Structures are given as structure tokens and as C-alpha cells.
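Let's take a friendly walk through this protein model, stopping at a few places worth a look on your screen. Have the sequence and the 3D view open side by side.

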Amino acid sequence: MIRRRRTRTAAGVLAAGLVCAVLAGCGIGVPSGVRRDGAGPSTGPGGVPSSNPTPAQWSPTENNPRMLLRSFLEAAAGDYAPDATREATLTRLKNFISEERLATWDPGPDLTLVRVLDEPTQDGDTVKVTVQYVGTLDPEGQVEPGDGKVEQLRFLFKPVDGKAGLFLTNPPPVLLFDVAKLERFYLKLPIYFWNKNKTSLVPDLRYLPRALPAEQHSNRLVDWLLKGPSPAVKEAVLELPTGASRADLIIKDDTQIKVNLVAAASDADLEKLAIQLYWTLVPPETEERVLLRVNRNEYAVDFATARPWLTAFRPESEPRLYVIADGVLRRLKGSRGEQEPLLDGEKQNRGLVTAAVAHGERAFALVRQEGDTQRLYVRAAGRPTRQVAFPSPGVASLSGPVWLDRSAEVLMVLGDGKLWAVGARDTNASMVTATKGLPSGDITAFSVAPDGRRLALVIGGRLHMALLQRANATAGTFKIVEWQRVPVGSGFDGKLHGVGFIREDIVAVGTGGADEKVWLAEVTVDGALQKTYSTVQSGTVTNLTGYVEDGGRTDRPGKIMLDVNGKAYRAWPTQSFSDLEALVGKAVLPVPSPGPSASPSASPGTPAEASVSTAFFEG
């Protein structure tokens, strides 16, 4: 389990009885026409550029405790990295607190992110509000997920003799911040590290204060890179060269970003480092390039050079779409979902319950129902289809095969609640073990990030993120080295039925029951940001699958498909679904006898009502 330094929470201090009233070197010249990223705020310590929102302030004329609470839960927004700006933010917060409490109030450097679950209510001087603990945001922009605990907090606002207004007389021992305001005051940006094999980049999600002037953003992002990866990805990635530091301010013009570093190691891989900096600093498909100087060596990288190293970056064509129709794997084509045949003559392409197709149809994974058990078959390009063996006594139930890395080299599959890895040319499956025990219970759904080093797991109806160490495509080397629970809104917690990556740093999750509405949610991998969507469907969500269309600093949404009560839909979180069964329900199947859902009187070749399920994208 991922562990970091201990941080205080309002609930933890309360449990201890401490706060009884609160629940919970070298420079380079600057040519004309370019801009240097400055070293400090241009608007004064703690100042916010005029184009950015200003956090709420205490007002002596505000006598509504509920409004004061809302302002207090927003006022902690700010840049906590430099001491000067941190002090300015604390001063804004101190204005809310009665003077007698200020002498002992020491909330620490991190923001405790809470999700407000109800409208605050007032009882005399006391305001009550129910929150969920989401996590903590530190000065390096990292969010450590919380435990998801739900608790009611009480805040006491009273007048003070000789002063106008109301003051908080029981301040919490931490800096509380309403996570719903996170995107208003912070930019969600990834920085990138190479995986252990230097085959692709892994994003490390950070939150950059909007209070930081825009011309300083690149400096801060590079400084974070130099400090190293967050605990969320540390065990799966490589750090920058030992002793590397920023030698000067970063210079930007219309076409180039100049980064000047000093490194103790003389053998630094300039190309890899420049590509890493490119994806950290440059939005996708722009004209900008990165010119990296390390000591006296230079290397320039542009989009064309950097593109192949970000697995998630948008492919040149739309992903192919597949379904299982009456037990047969089929490809859908066009807006009306016309079916195209696949694997003609393959006897294994019958009685399927699920499947996976590698990008470009270079390999197939087929799960067949054979009697009381399910068997996995793999077919790589130019090779015959073969059965994959599992260790004795085997597995009875298989689901969710996924080809990793948008290649046809290795896949993962869920078997009897455990994860297994299979190489495209392997005949045996290898169990993916965890160096530190996973939560008790079976894994009921999983998804693999495009970088192939992070997993989203559903265990006990709850979302978890895990790190995967591996030696490229060697299936027997796969192991989970770290994991952490990711809190999801209380309406989802313990009820999840599916998960799929839809962005490099966002997953989609789904929940529902036999007679319950289906709900979908987008959740960042650290749980900090969440958007929920209700649907018109009722039933249990299964086989939720996502597709990441783009990577880098982009806002392009991904795609999602899922089954509800065994029926396939393609959907993006809206008020309705697009029904795949309506698209292919009148297809003429190549099977001479009618499908299991067809009318008993149907004759061979008659259009049959196909049973369509297990919709998915190419890997």
C-alpha cells in the first residue's frame, strides 16, 4: 500500500481528544522577443493575477454563519510552495478565526480536501455540514488520497466583544478545502517520468496553483520533475539524473522553450530527458519545441520526435469497435453498426463470453464457455489459435481480457478474481502477484492505463489504483508493487461494478443494481476530481470499458462502452445510451441455425434477433 508522511486530519485530532468542538548557477542571455519565466509572483507575495479568481475573504458585515463557512472552506486556496505566499494565504484564513484561538492554531502545510455532501444547516451559533475526506494536497501539487470517511463537522461562529462580524471559535486543526473548488483555483496538469524500461512515459498528476503567474508555470513544473515522482508512481518510474538542477529561468518564445540544467552525471540521456520535458511543458500538436541544455550539451525535440513515446497519444484513426453477437466476435462498422466478419473458419470463434482485439487486429484473445468452465484462446498474427493453460486446478471464470500498450505483445485477464498475464506467444498464464497484500476480496473489474504501468482495480465494490512493475512484454515478470484506495462519492463507494481508463489520469466507473438507476462517474486517479452522471437505464453494470483518445496536456474526452443487464451499449456520460443491440439486432448471422435469442420458428438465413453484449474497443 502506498504510504507517505503522516498528515493530520480534523477527524484524527478529534479522535485524540485534542479538539473537542470540531468533528472532523549559470545563466544564458535573453534575446529580444522572448519571455523569461520569472522567479517570483509579479503581483506581490500571495497576489493573484487579475485574470484568476480570488479566494473568498472574511467580511465584518457577513452575519450568516452558513455563508461564512462556505467562504472559510474556499479561503485556503493558494500557492503554498514559497513561504511568502503561504503566509499571505494563512493571513486570509486567520481573519475568520477568533483572536484567542490564533496563538495555538498551526494547521500544517497541506490542504485537507473534503467533499461537501449536503447543505450546511444552522443551529444557533453552530453550523453543521457532512463531508467526505478525499485526500491531502501538498505544496508539490500532489494529492494523497484519503480514506473516504464520511463525517459531520461542526463549526461555531460567535461575535467578539468590541469587533464587528462573526468569528470561528473552534477552528479545525488542518487547512480544510472544498474539493468542488479545486479546478477553480488549481490547474490539473501532468508531469512525465520514464517507466523503468524507458519504453514509454508515465504521467504523474499534479495541481498547479492559478495564483502562480502564467509565466512561472514552466519553472514550477520543471522543479517538480527535478524533485522526483510522487509516491503514486514512484515505484514504476525513473527519476531524473542524480544531482540535476535548474541553472536558470526557463525561456519561452513563440516556437521554442529553452531549459537549462546542470547535472552531475555526464552520461545523461539528453534525448530521453528532452522528450520527458516536452510532454511536461508543451501542449500536444503545437509548433513549440524544447531545446534542452545540460552542462554544455544541447538537444532539441519537437512534436514529431516526442509523439511515439507517449502511448496514450491520439492514434491516426478512430478505434475499431467490437461486440459479441450470439457468441461470435464481430467488428462494427459505420454509423449504423454494420457487422463485418472476423476469424472466419475459426472454431474457437463460437460460444464466446468475452474477447479482446489488439490495436490493428494484430492479435486476438477469445474466452469461450465450454461446459462448466471458461477457456482462453490467443491468436497472434501469422500464428495458429492456441489455448492458454492456467495452473492446476485451473480457473472457472474469465473476464475482461485487455491487450496492453496498444500492442500485440501481452494481455491481462481476470480469472476467478485474480489477475493473470499472458504473452502473445505464451502457452501458459502467469498470475500477477502483489508484493504487499491487496485488500481482501476478489478483483471484480480492472483497467490498464495506456502507459501499461498503472492499474485501476475494483475490489469489494471500491476503487483502487495500483502500480505494475514489469520487464516490457515478459508476462512472468508482472507484479503489483504499490496500491492505494481512491475515494469515490458516497453514492458509489462499495457499489462499483466496472472501471475503465478514459484519459491518462481519469477513469470512468459505473454502479447500479437490479432495480436501481445506473450512475456513471469520471474520477481522477487520485480521487480529487469527480463528475457524476445519472442515466435513464436501470440494472447492473458489467463489462465497462474505456478508450483513451489522447494524452498530454489535453482536454479531449475518451470513450466508454458497457453492458447493462447483459445488453451492450455505447455511451458517454449523458442522459441516455446509444443501444448497440438496435444497431445490429437485425443482422444475418453466418451461423446456419438461429441464435439463442431468435424465434424458434426462424429458418436458416432468416434475419435473427442477435444477442449483443460485451462491447469493447481495440486495444
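A residue is called buried when its relative accessible area is under 20%, exposed when that area is over 50%, and partly exposed in between. Please keep in mind that this is a predicted model.

**Around E235**

With a relative accessible area of 32%, E235 is therefore partly exposed. Along the chain, E235 sits in the loop that runs between α6 and β11. Which residues does E235 touch, once its neighbours within four places in sequence are left aside? They are K196, L467, Q469, V481 and E482. The contact with E482 spans a long stretch of sequence: E235 and E482 are 247 residues apart along the chain, while their C-alpha atoms are 7.3 Å apart in space.

**Helix α6 and its surroundings**

The helix before that loop, α6, covers residues 217-227, and eight of its 11 residues are buried. Those buried residues are H217, S218, N219, R220, L221, V222, W224 and L225. What do the buried residues of α6 pack against? Their partners are the strands β9 (186-194), β10 (201-209), β11 (245-246), β12 (251-252) and β13 (256-262), together with the helix α7 (270-281). Just past the end of α6, G228 has a positive phi of about 105°.

D223 of α6 also takes part in a salt bridge, its side chain meeting that of R246 at 2.9 Å, N to O. R246 belongs to strand β11 and D223 to helix α6, so this pair ties together parts that are 23 residues apart in sequence. R246 has a relative accessibility of 25% and so counts as partly exposed. D223, at 25% relative accessibility, likewise counts as partly exposed.

**Other salt bridges**

In total, the structure holds 26 salt bridges. One of them links D451 and R454, with the closest N and O atoms 2.6 Å apart. Are these two residues buried or exposed? Both D451 and R454 are buried.

Another salt bridge brings together the side chains of D493 and R462, at 3.5 Å from N to O. D493 lies in the loop between β31 (474-485) and β32, while R462 is in strand β30 (residues 462-471), so the pair ties together parts that are 31 residues apart in sequence. R462 has a relative accessible area of 32%, so this residue is partly exposed. Elsewhere, salt bridges with shared partners join R320, R331, E340, E361 and E618 into one network.

**A four-stranded sheet**

Strand β32, which follows the loop holding D493, belongs to an open sheet of four strands. The strand order is β32-β33-β34-β35, and the pairing is antiparallel. Why do β32 and β35 each have one side without a neighbour in the sheet? β32 (496-503) and β35 (530-538) stand at the edges with a single partner strand each, so one side of each is left open in the sheet. From one strand to the next, the twist averages 20°.

The partner of β32 is β33 (residues 506-511), and the two pair in the antiparallel sense over six bridges. To find one of these bridges, look for G498, whose bridge partner in β33 is G510.

**Aromatic rings**

There are 11 aromatic pairs in the model. Two of them are set out here.

| Pair | Centre to centre | Angle between planes | Arrangement |
|---|---|---|---|
| F72 and F96 | 5.6 Å | 70° | edge-to-face |
| Y278 and W279 | 5.5 Å | 85° | edge-to-face |

F72 lies in helix α2 (residues 65-75) and F96 in the loop between α3 (83-94) and α4 (99-102), so the pair ties together parts that are 24 residues apart in sequence. Both F72 and F96 are buried, and with F155 they form one aromatic cluster. In the other pair, Y278 has a relative accessibility of 0% and so counts as buried. W279 is buried too, with a relative accessible area of 0%.

Two lysines sit over aromatic rings as well. K163 lies over the face of F167, at 5.9 Å from the ring centre. The charged end of K272 is placed over the ring of W309, 4.2 Å from its centre.

Conventions:
Residues are numbered from 1 along each chain as its sequence is written. This is a predicted model: local features need pLDDT of at least 70, side-chain atom pairs count only at pLDDT 80 or more; totals for chains, interfaces and linings use all residues. Side-chain values use heavy atoms; hydrogens and water are left out. Two strands pair if DSSP finds at least two bridges between them. Axes are lines fitted to C-alpha atoms, for helices over the stretch in contact, and angles run from 0 to 180 degrees between N-to-C directions. Buried means under 20% relative accessible area, exposed over 50%, partly exposed in between (1.4 Å probe, protein chains only). Contact means heavy atoms within 4.5 Å. A salt bridge is a side-chain nitrogen of Lys or Arg within 4 Å of a carboxyl oxygen of Asp or Glu. Rings of Phe, Tyr and Trp (its six-membered ring) pair if their centres lie within 6.5 Å; planes under 30 degrees apart count as stacked, over 60 as edge-to-face and the rest as tilted. A charge sits over a ring if NZ of Lys or CZ of Arg is within 6 Å of the ring centre and within 35 degrees of the ring normal.
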